[in-house]
Amino acid sequence: HQGLRVPLVFLCEDNGWGISVRTPKGWVGKSMKNRSGIRYIPADGLDVAKGWRTIRAAVDWCRRERAPVFIHLHTERLMGHAGTDFEVDYRDEADLSAAEARDPILRSAARVLEAGLLDADGVIALYESVRVRCFDAADRADETPKLEGRAAIMAPLAPHDAKGVHDEATRPAPAEARLEAFGGKPEKLPENQPARHLAININRAITDLLVKYPGGLVFGEDVARKGGVYTVTKGLVSRFGNRRVFNTLLDEQTILGLAQGYGCLGMLPIPEIQYLAYLHNAADQLRGEACSLQFFSDGRFRNPMVVRIAGLGYQKGFGGHFHNDNSIAAVRDIPGLVVGCPSRGDDAAMMLRTLAARAQVDGGVSIFLEPIALYMTKDLHDDGDGGWCFAYPEPERSLPLGEPRVYEPFASDLLIITYGNGVPMSLRAARAIEAATGAKTRVMDLRWLVPLNEDEIVAHASQCDAVLVVDEGRRSGGVGEGVMTALVERLPRLRRLTRVVGADSYTPLGDAAGAVLPNEAEIVSASIEILGKGP
């Protein structure tokens, strides 16, 4: 539809059944024949010679025209779908007999006899030799060592070479190419520019990554000329061209499907999902495909990618449940996935470098969750204080996976553990808590939400008299649940522990959103109560 050349072959092996449910006659063909932009070609999967000729022609056409083709290969299913599926429960004897008569092995044998390639004894001998090979292969497989223990099973799930990732993350892009990308003059390099807010520093970091990695690609809805809904990718297409920065269709499955393909080809896909709520349209492409590839292939294949997602709440005058979304539970449950969430611009740049390096070195799949409400935030305590603008870190700096940022690390009265929008909220609350009670507050910005660094959480909590977990996600399934569990399991004597969390609700429009999201007043109130210094 976009006029791009896409030499892609779809092969549908259609045996006419969905376990026990017969596929409606003609359904696949009718739905694909009418699909614009894809050539539909039926093929006979029961006749090896005839089917091969059809498929060969289809592949040749695809290569010649550089366009998609859908091959509808008609096959036959003999026996049930799986070991517990007994066809006699839903197919009558005549139907089963007709299926047996269409056995592709029998039909292939008949073609061999007709062509005079083998006589009957030769066909049977070939069949028996294949049977012996199959059983020999089964015996060899049965004799291979079995996986024993959790560590062996999980080894290929999310391999992590910490030193290799660090070395790659701190390797700067080529100096000349980097200078050209940022305007051609040393004073225009981002580390030589004034401190800026989150969105600007993410844009700078992506620019660095595209210079550093020739196979780096940025794509998604509106990311090119418009520069994204929040201008985070502004200017990238003019710097790197529309082969490396391009708009996709408004379809999350297309976006993550492209990312998987590019990752398998050895490139570095950096797709953007426009809002966290939109991820649900294609979440299984992360869970069931991208993140599982290394696991089920025992590390033979990998799907490296860094998925940028704008999300979380607190947008002013905009939102609703599609745009102010805190559904973090959906990504916390995906084995092997790493989720980073910056609250400030310098951290964002260093985290992106680490995630890109992880993709290159470990082949990992990552989500970079960007708090929308902090994109343009410049101030922390007072209007115009610039307290939430940060200098761009030098390209030799990165941020190790799991490492939190801790404010007032020697304060021991209260520890607030949080992330995202909760960080500046908690820092402001800490000032109010001290004014009201004199208590000193340590604030931990987790930065990495999956997996949680339980060791750091427990270490800091053990040094403080009380702990408050501030989680802008929902009460059920949110990051706070994981933090609380770690504290309860590993610090059973910690009695002064509570949390401030979002409600188990969709986020409504307008000012009503504030009723289901945590706020500074709640943080202050809960802190004073847990400190035992209330009225």
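Author: Two residues are in contact when heavy atoms of theirs lie within 4.5 Å. The model is predicted, with local features requiring pLDDT of at least 70 and side-chain atom pairs pLDDT 80 or more, while totals for chains, interfaces and linings use all residues. Residues are numbered from 1 along each chain as its sequence is written, and side-chain values use heavy atoms, without hydrogens and water.

Reader: Of the contacts between residues at least 6 apart in sequence, what percentage joins residues at least 24 apart?
Author: The protein contains 19 helices and 17 strands (DSSP runs numbered from the N terminus: H or I of at least four residues, E of at least two). Its C-alpha atoms fill a box of roughly 95 × 60 × 45 Å along the principal axes. Among contacts between residues at least 6 apart, the share that joins residues at least 24 apart is 77%.

Reader: How much of the protein is made up of buried residues?
Author: Buried denotes a relative accessible area under 20%, exposed over 50% and partly exposed in between, with a 1.4 Å probe and protein chains only. Of the 535 residues in the protein, the buried ones make up 47%.

Reader: What is the distance between the end C-alpha atoms of helix H5?
Author: Helix H5 comprises the 24 residues 120-143. The expected span is 1.5 Å times one less than the number of residues, which means 34 Å for H5. The model agrees with that expectation, the end C-alpha atoms being apart by 35 Å.

Reader: Is the ring pair of Tyr230 and Tyr375 stacked, edge-to-face or tilted?
Author: Rings of Phe, Tyr and Trp (its six-membered ring) pair when their centres lie within 6.5 Å; planes under 30 degrees apart are stacked, over 60 edge-to-face and the rest tilted. This rule yields nine aromatic pairs. In one of them, the ring centres of Tyr230 and Tyr375 are 5.4 Å apart and the planes stand at 40 degrees, so the pair is tilted.

Reader: How many residues apart in the chain are Tyr230 and Tyr375?
Author: Tyr230 and Tyr375 are both buried, and ring pairs join them with Tyr275 and Tyr278 in a cluster. Tyr230 belongs to the loop between strand E6 (216-220) and helix H10 (236-240), and Tyr375 to the loop between strand E11 (365-371) and strand E12 (405-407). The pair thus links distant parts of the chain, with a separation in residues of 145.

Reader: Which residue has its charged end over the ring of Phe390?
Author: Phe390 forms an edge-to-face pair with Trp388, at 5.2 Å centre to centre and 80 degrees between the planes. Trp388 counts as buried because its relative accessibility is 2%, and Phe390 likewise at 12%. A charge sits over a ring if NZ of Lys or CZ of Arg is within 6 Å of the ring centre and within 35 degrees of the ring normal. Over Phe390, 3.6 Å from the ring centre, sits the charged end of Arg344.

Reader: What relative accessibility does His197 have?
Author: His197 is placed in the loop between helix H8 (175-181) and helix H9 (198-212). Leaving out residues up to four places away in sequence, His197 touches Tyr375, Met376, Thr377, Lys378, Trp388 and Cys389. His197 counts as buried because its relative accessibility is 6%.

Reader: How far apart in space are Leu494 and Tyr375?
Author: Leu494 occupies the loop between helix H18 (479-490) and strand E17 (497-502). Beyond its neighbours within four places in sequence, Leu494 contacts Val467 and Leu487. Leu494 and Tyr375 are separated by 119 residues in sequence and, C-alpha to C-alpha, by 36 Å.
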